[in-house]
Structure formats: structure tokens, C-alpha cells
Amino acid sequence: MKKFAMAAFGGTLAGIVATTYVAGPLLAQEGAREATVYEQLDLFGDIFERIRAQCVEEVDEKELIEAAIGGMLSSLDPHSSYLSPDDAASMQVQTKGEFGGLGIEVTQEEGFVKVVSPIDGTPADEAGIEAGDFITHVDGESVLGLSLDEAVDMMRGPVGSEIIITVVREGESEPFDVSIIRDTIKLTAVRARTEGDTVVMRITTFNRQTTPNLESGLKEQIEAAGGIDKVNGIVLDLRNNPGGLLTEAIQVADSFLDSGEIVSTRGRNPEDGERFNATPGDLSGGKPIVVLINGGSASASEIVAGALQDHRRAIVVGTKSFGKGSVQTVMPLRGDGAMRLTTARYYTPSGRSIQALGVSPDIVVEQPRRRVGAEEEDASAANRSRSEADLRGRLNNDSLTEDEIRQIEEDREKAEKAAELREQDYQLAYAIDILKGLSALGPND
């Protein structure tokens, strides 16, 4: 018994000694790290004082500190930034759906401003700005070397004033200038219309208006069609949608899912992760869905597309999306400012991250550039086409009634109208054709 007690005591003593040997270096490392941090802060203070005292021009201390904070945040990733009191107030207005500007969502790449997407119906959209364009100069001044916030500030100005931006575009041999008149941007989050038997829901952004607009717009189109049975499917057009509120993306996806995960977020600490699940209820009554995406579809758009794709609830058509798979949290700061900090990555229901990869469409469909004179060529080709019905002395069709012939002619007119849509928007026409095909394969009543 004595031997056992001594062994136990010896083991305890050895444990204490071992713990001391292990913990000692760890505490020393932690202390050294803290000392280094404070040394760096002292260095920042020294530089700040020297700038105040010796810079060739007098500086504004507040602007100097804000610039330092902005530089610290922007060094983390392209989406973290400092928001001055004015910027913070402007961001609150944007989430409500109305603000002043050009109407483009931008990020930074290789020192230049890159257009994520123009917003439908805005001055930038009407001026022909495209997703993927690089903005190199604003009113003749280069944006190279500026932070994203500084470049955006250069593009801001009074409503009604002109701005000239220099654009570099893939496929164009030389940069070119675009003149844009600044305007108040009033976002219509969702535009609904019906093409043939298909309801098209164009979602331009994810703000506080998105879900209410989606619900009311879809309801109106279904009622106008004569009920859900008269609709063959729904196209969710998310092209050039730069994203927005995570909560709205979750609600939109939930609108077409009855159960299952929509998206999960994972922060640096495991306990910070969250999962968001669908609730019962499908606004479309289970009708087929085609989701349209392109390189301008980012963030919240990718959450919706990824969720519906993973649940096999929709066919995703178009081109690879932008690939922004991170979540930014806006944190209020003293003095009415705020900081936008990347706090998590998000993952689709299958557990995949789209960060820097994007959502890959099930069917890749490029949007062809319109050819000059294409309409005239097509019109002349249509005029040249002839059929049996054009021949003199042709035989009449004796197998159909007049009503049946009239129905065939009406169906043909719808098909010709769909062909016209291909010239205006090939990707949308392709999506509608998919729903027509699925409807044709459905059970007969």
C-alpha cells in the first residue's frame, strides 16, 4: 500500500513538473506576442506624431486615423472596410432600396475597380457597363493604388452631374471612355412578367423589399394566367444580381423549398457556425424552376442558386457565377461610423463553398453578343421562306376542324414570338424552352 501511495505521489509530482515545463514556454510566448503588439502600437503612435509635426502640409488628424483604420481593414480581404458616418448612413439607405449613384456593384482586383454587375435600369446599365468591366480612370484620374472606398468616393457626386469613366473590357483591344449622368437609384427588387406560359421573376438585388416583391409579383402573375395550373414553370433570373442581405437570400430560397438546409455559415470559432433550414410551403406549388446566373451573380444570388441546385429543385442555366462565398457583418463603432468585417464563409446544403469558384450551371449557355444587322438578315430570311400553304391550287387539310386549325396557328404564333425572344435574350429564351420541354413530357390530364 505504501508503495502504491508513493508511486501515486511520484506520478503527481512528475505531472506537476511536466506541466510547469510545458506551460512555462507557452506563457512566455504569449507574453512575447503581447509585447510585440504593444511595440507595434507604440510605433504607430510615433509615426502618427511625426506626420502631425513634420509633414510638408498640415494634416487632419481625424482623416489620418480613419485612413489608418481603413487600410488595416482593407488589408484583410476585398470586402472588409471602414465606413465613415456618412458611408454608414448611406449603406442603411441602400438596404432600404433607394440611394444616389451610378448603379454598379464593384470590387477590387489587381489594383483596379472591377464591376461585379450593373443594376437594372440604372445610369450605368443604360450606358452599357457590363459585369467584368475594369474601371481604370475616373474623370481622367487613375484609380490604381487607391483603396476601393477611395475609388468609390471618386465616382460619387451630385445627382445630375456627369462622370466619365475609362473602361477596359475583355474582347476590346483598347480602353474606352463612358459618360454617365449620376442619378438617384431606386431599386425595384423584383420585376415579374409572363412569357407565354412561363412566369419570369427578375430579382435585381436582395434588400428588404425582395421577399415581399417576390410574393406579390408571383401571386399577380399566377392570377393573371388563370391559376397555377395554367403556368408551366418559373424562371428566377439572378443574372447581374450583386447580392445583398443574407436574410433575404434565405427567405427567397425558402419560398421554393419545403424542408432541408438552405445555407450554413462557419466562422473562425466552431461555436459561431449557423445553419438555416427551409420551412414548409412552396409559393410555386411545386412547379419546375430554372435559375439564370452569370458572372455578375454574386453572394446572396449564389446562396439561392446553390440551395435550389443542391436540392434538385431547380435547373441552373447560364455561366459561372462570381464566387463570393463570404459573409460580412456590419459592426457599429463610436462616432456613428461602422466597420464591415468578413466574419464567416457560407456553404451550400451539400457542404461546398463557392468562394473564388462560383456556382457552376447545370447547363452552360453563353449570352451571344448581338451582331449588327442581324435583325435585317433574319427578316429577309423569313421573307424568303415558303411552304405548301403558299402554293397556288394546293389541297386543303381535311383532317382538322376550323377550331383545331386556329389552335395550331395560335401555337405557331407563340413559337414565333419565342423565337423573337431568342434574339433579345438568348439565355432567358433557353430557360423558357426547358420549361416547355418539361411541360410537354408531363402527364396528360
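Aspartate 87 and arginine 156 join their side chains in a salt bridge, with N and O 3.0 Å apart. Aspartate 87 sits in helix H3, and arginine 156 sits in the loop between helix H5 and strand S7, so the bridge ties together parts that are 69 residues apart in sequence. The model is predicted. The structure holds 17 salt bridges. Three of them are described here, followed by a buried serine.

**Aspartate 87 and arginine 156**
- Helix H3 covers residues 85–96.
- Helix H5 spans 148–155, and strand S7 spans 162–168.
- Aspartate 87 has 16% relative accessibility. The cut-off for buried is under 20%, so aspartate 87 counts as buried.
- Arginine 156 has 38% relative accessibility and counts as partly exposed.

**Arginine 169 and glutamate 130**
- A salt bridge also forms between the side chains of arginine 169 and glutamate 130, at 3.6 Å from N to O.
- This pair links distant parts of the chain, 39 residues apart.
- Arginine 169 lies in the loop between S7 and strand S8 (176–181).
- Glutamate 130 lies in the loop between helix H4 (123–126) and strand S5 (134–138).
- Arginine 169 is buried, at 13% relative accessible area.
- Glutamate 130 is partly exposed, at 28%.

**Aspartate 237, arginine 202 and their network**
- Aspartate 237 forms a salt bridge with arginine 202, and their closest N and O atoms are 3.8 Å apart.
- Here the link runs between two strands: aspartate 237 is in S12 (residues 233–237), and arginine 202 is in S11 (residues 198–203).
- The two residues are 35 residues apart, and they link distant parts of the chain.
- Both partners are buried: aspartate 237 has a relative accessible area of 5%, and arginine 202 is at 9%.
- The pair belongs to one network, in which salt bridges with shared partners join Asp120, Arg191, Arg202, Asp237, Arg239 and Asp425.

**Serine 117**
- Serine 117 is part of strand S4, which covers residues 112–118.
- Is serine 117 buried or exposed? It is buried, with a relative accessible area of 0%.
- The side chain of serine 117 reaches the backbone oxygen of asparagine 240 at 2.9 Å.
- Beyond its neighbours within four places in sequence, serine 117 is in contact with Ile104, Glu105, Ala131, Asn240, Asn241, Pro242 and Gly296.
- Asparagine 240 thus appears in both descriptions: its backbone oxygen is reached by the serine side chain, and Asn240 is listed among the contacts of serine 117.

Methods: Residues are numbered from 1 along each chain as its sequence is written. This is a predicted model: local features need pLDDT of at least 70, side-chain atom pairs count only at pLDDT 80 or more; totals for chains, interfaces and linings use all residues. Side-chain values use heavy atoms; hydrogens and water are left out. Helices (H or I, at least four residues) and strands (E, at least two) are DSSP runs, numbered from the N terminus. Buried means under 20% relative accessible area, exposed over 50%, partly exposed in between (1.4 Å probe, protein chains only). A polar contact is a pair of N or O atoms within 3.5 Å; within protein, one must be able to donate a hydrogen and the other to accept it, and residues adjacent in sequence count only if both atoms are side-chain atoms. Contact means heavy atoms within 4.5 Å. A salt bridge is a side-chain nitrogen of Lys or Arg within 4 Å of a carboxyl oxygen of Asp or Glu.
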